Amino acid sequence: MNIQIFGTKKSFDTKKAQRYFKERRISFQFIDLKEKGMSKGELQSVANAVGGLDKLINPDAKDGDTVALLQYLATDQKFEKVLENQQVLREPVVRNGKKATVGYEPDVWKNWE
């Protein structure tokens, strides 16, 4: 397994996800979205795995203006806007190869082992 956790250090759910994998002694790579962020390919792969870009967007994100704008953009424009403003993503994004989850999903992660 090659687990990647995308999130921020202050996110409570991201900390819970890290704790979940640490307790099971599963190695993972943490990527801070504020420092590095996702590449275009990673974001596309995660969006495909979870069922679309809309499932990645947090409607309660602090950047409410960007979230509101995303509702009115075409799909290709929306993807570029999310790529530029990754603070609107729900956290954590946990990725294992082609599989991915958004949010704290221990029931799904259990099946990855």
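1. Start with D13, which sits in helix α1 (helices here are DSSP runs of H or I, at least four residues, and strands are runs of E, at least two, numbered from the N terminus). D13 is partly exposed at 27% relative accessible area; buried means under 20%, exposed over 50%, partly exposed in between, with a 1.4 Å probe and protein chains only. Skipping neighbours within four places in sequence, D13 is in contact (heavy atoms within 4.5 Å) with E91, P92 and Y104. D13 and P92 are 79 residues apart in sequence, yet their C-alphas are 6.3 Å apart.

2. A word on the input: this is a predicted model, with local features needing pLDDT of at least 70 and side-chain atom pairs counted only at pLDDT 80 or more, while totals for chains, interfaces and linings use all residues. Residues are numbered from 1 along each chain as its sequence is written, and side-chain values use heavy atoms, leaving out hydrogens and water.

3. Helix α1 (residues 12-23) joins β1 and β2 in a right-handed β-α-β unit; right-handed means that, with the strands pointing away from the viewer, the path from the first strand over the helix to the second runs clockwise. β1 (residues 3-7) and β2 (residues 28-32) pair in the parallel sense over five bridges, where pairing takes at least two DSSP bridges. G7 has D32 as its bridge partner in β2.

4. Now the inside. The largest nonpolar core (buried Ala, Val, Leu, Ile, Met, Phe, Trp, Tyr and Cys joined through side-chain atoms within 4.5 Å) has 21 residues, and L43, V46 and L56 are among those with the most contacts inside it. α2 (40-50), α3 (64-70), α4 (75-84) and β4 (99-102) each give two or more residues to this core, with α2 giving the most, four. Apart from this core lies another of nine residues, including I3 and W112.

5. α2 deserves a look of its own. Its buried residues are E42, L43, S45, V46, A47 and V50, and their cover includes β1, α4, β3 (93-96) and β4. G51 follows α2 with a positive phi, near 100 degrees.

6. Charges next: there are seven salt bridges, meaning a Lys or Arg side-chain nitrogen within 4 Å of an Asp or Glu carboxyl oxygen. E42 and R95 form one at 3.8 Å, N to O. E42 lies in α2 and R95 in β3, so the pair ties together parts 53 residues apart in sequence. E42 is buried at 17%, and R95 is buried at 16%. By contrast, K9 and E35, bridged at 3.3 Å, are both exposed.
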